[in-house]
Amino acid sequence: MTAHHAIEIHLTRPITPGELGHLRRGVSVAANADRTRLMTVHAGRSPRRALHTLRRRLGAQLPIDVLTTHYPDKHGQVLLNVALGHRTNQLLCQAAAATGQRPRDVLRERMTEAIARDEQRRAQLLTARLEDLLAQHTPEEVLACAAGLLHSRQRCRTPPEP
């Protein structure tokens with residue numbers, strides 16, 4: 001029996017309502033509000049295989065940026081399916097050969113490093129902004145303002161009780 005896997009499709013641009021309608025004739029998908037991400041459930045022996053077959057099936061129809069599994073696997077990893085250009089793939093293979101690794105392992109390493117750098121940059125930016133706020137306001141004022149803002153955002157997202 002073939003398993004089904006939830007897959008998220010990240011697009012390079014929003015698809016038009018006509019493209020979405022045409023796509024839905026062949027594949028059941030749900031689109032987010034701005035039509036830049038789609039969700040589907042696709043059959044495959046493994047999540048990796050489901051990503052691969054979906055890319056082959058939809059690659060010519062959609063401006064696909066990245067396909068990802070929607071749920072982490074047993075190792076807590078979300079799988080990515082990225083179509084690389086010829087030159088990028090060539091450079092990746094060269095780097096893999098130089099280090100004795102597989103190209104996908106080199107890509108995983110570089111992606112992990114890039115994500116860590118981005119998280120560090122975002123944390124530094126947040127710290128700098130908070131330091132600017134604390135130069136002009138008391139810690140109590142900043143905390144009360146942040147709490148009020150978070151509370152109002154949570155209230156907007158939560159549907160009212162019947």
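Tutor: Before we start, a residue is called buried when its relative accessible area is under 20%, exposed when it is over 50%, and partly exposed in between, using a 1.4 Å probe and protein chains only. This is a predicted model, in which local features need pLDDT of at least 70 and side-chain atom pairs count only at pLDDT 80 or more, while totals for chains, interfaces and linings use all residues. Residues are numbered from 1 along each chain as its sequence is written, and side-chain values use heavy atoms, with hydrogens and water left out.

Student: Why is E8 called buried?

Tutor: E8 has 13% relative accessibility, and because buried means under 20%, E8 meets that definition.

Student: What makes E8 and R37 a salt bridge?

Tutor: The term requires a side-chain nitrogen of Lys or Arg within 4 Å of a carboxyl oxygen of Asp or Glu; the closest N and O atoms of E8 and R37 are 2.8 Å apart, so the pair qualifies. The pair links distant parts of the chain, with E8 in strand β1 (residues 3–11) and R37 in strand β3 (residues 37–44), 29 residues apart; strands are DSSP runs of E, at least two residues long, numbered from the N terminus.

Student: How do you know that R37 is partly exposed?

Tutor: R37 stands at 39% relative accessibility, which lies between 20% and 50%, and therefore R37 is counted as partly exposed.

Student: Why is the pair of E19 and R13 called a salt bridge?

Tutor: Their closest N and O atoms are 2.9 Å apart, which is within 4 Å, so the definition is met.

Key. Helix = DSSP H or I, 4+ residues; strand = E, 2+ residues; numbered from the N terminus.
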